[in-house]
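Colleague: I have a few questions about how you arrive at the terms you use. Could you take me through them with the structure in view?

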Amino acid sequence: MKPKQDWIETAKKNAAKEAVRNVKDGSVVGLGSGSTAAFAIEELGNRIKHEGLHVLGVPTSYQAFMLAVKHKIHITTLEEHTTLDLTVDGADQIDENLNLIKGMGGALAREKIVASASKKLIIVADESKKVKVLGENNQPVPIEVLPFAASYVMRKVGDAGGKPVLREGARKVGPVITDNGNFIIDAGFGPIPKPERLERELKAISGVVETGLFVKMVHSVYLGKRQGVGKLYRRIK
Ligand code: 5RP
């Protein structure tokens, strides 16, 4: 049997490849962030090159922007296209109702804006991301905050039952600075049976720019498995 990391990389690639089949000629596509979304951007570039697709992309981060340039995907903006046909993006956790935690790559604010502007949000992930309830396995909820408000937001997140930690840079001293010039707080809440309620509560805190809870936003999920790719569709209630 292949070592764990090997099958996960293959699963991500396969999920990305299948999901990108949804892109039709003439579409405006949201380009997600993270390692799985990167495979989707690469695959979209392949389709443009080999099938002559005409597609415009709206990147959700500098990472996505640079990959789009590398793979010769023409870039557009939300100013020019306030409605997108679809977005293909990754996720950190996916629950049974296809609600998500996103933002471990720090791109949650732009990802949520681009997803909100899209007719369809298609998620690509390997099956290790699928859980029963969001917040399992100590998965925190990333929250983008104005630097000015960070300590206040941390106190309020604590009042809401969370354990907030200011995200530190990996090859930079001090806090991570997002593509929007903000900080990120990773807040552990334990299992989150009612993500909609928590999302409302967090968004009501002054200084919170966006949260990584994506509730009732997903159209479908392409889940790369050890064998093949599973497709999940959100039931609209
Ligand atoms: C970035 C994100 C990513 O989509 C999420 O972290 C998943 O990344 P990966 O595919 O590398 O596991 O939300 O802000």
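Here we go through the ligand and then a small sheet.

Modeller: Sure, and keep in mind that this is a predicted model.

Colleague: What makes the pair between the ligand and Ser35 a polar contact?

Modeller: An oxygen atom of the ligand is 2.5 Å from an N or O atom in the Ser35 side chain. The cut-off for such a pair is within 3.5 Å, so this one counts. A polar backbone atom of Ala107 is 3.0 Å from a ligand oxygen, and a polar side-chain atom of Glu111 also lies 3.0 Å from an oxygen atom of the ligand. Taken alone, the ligand exposes 370 Å², and the protein buries 91% of that.

Colleague: Where does the ligand sit, and which elements give two or more residues to its shell?

Modeller: The ligand sits in the largest pocket. Helix 2 (35-51) and helix 4 (108-116) are the elements that give two or more residues to the shell. There are 17 residues around the ligand, and Ser33, Ser35, Thr36, Asp92 and Lys129 come nearest. By type, the shell has four nonpolar, eight polar and five charged residues.

Colleague: How do you know that strand 6 and strand 12 pair?

Modeller: Pairing takes at least two bridges, and strand 6 (residues 100-101) and strand 12 have two, in the antiparallel sense, so they pair. Ile101 stands opposite Leu213 in strand 12.

Colleague: Why do strand 5 and strand 12 stand at the edges?

Modeller: The sheet is open, with three strands in the order 5-6-12. Strand 5 (93-94) and strand 12 (213-214) each have a single partner strand, so one side of each has no neighbour in the sheet.

Technical notes: Residues numbered from 1 in each chain as written. Predicted model: local features only at pLDDT ≥ 70, side-chain atom pairs only at ≥ 80, totals over all residues. Heavy atoms only, no water. Near = heavy atom within 4 Å. Polar contact = N/O pair within 3.5 Å; in protein donor to acceptor, adjacent residues only side chain to side chain. Areas by Shrake-Rupley, 256 points an atom, 1.4 Å probe, with all protein chains shown as cover. 1 Å grid on protein atoms, 1.4 Å probe; cavity = no way out; pocket = protein on both sides within 12 Å on 5 of 7 lines; lining within 4 Å. Sits in = over half its atoms within 2 Å of the grid points. Helix = DSSP H or I, 4+ residues; strand = E, 2+ residues; numbered from the N terminus. Nonpolar A, V, L, I, M, F, W, Y, C, P; charged D, E, K, R; others polar.
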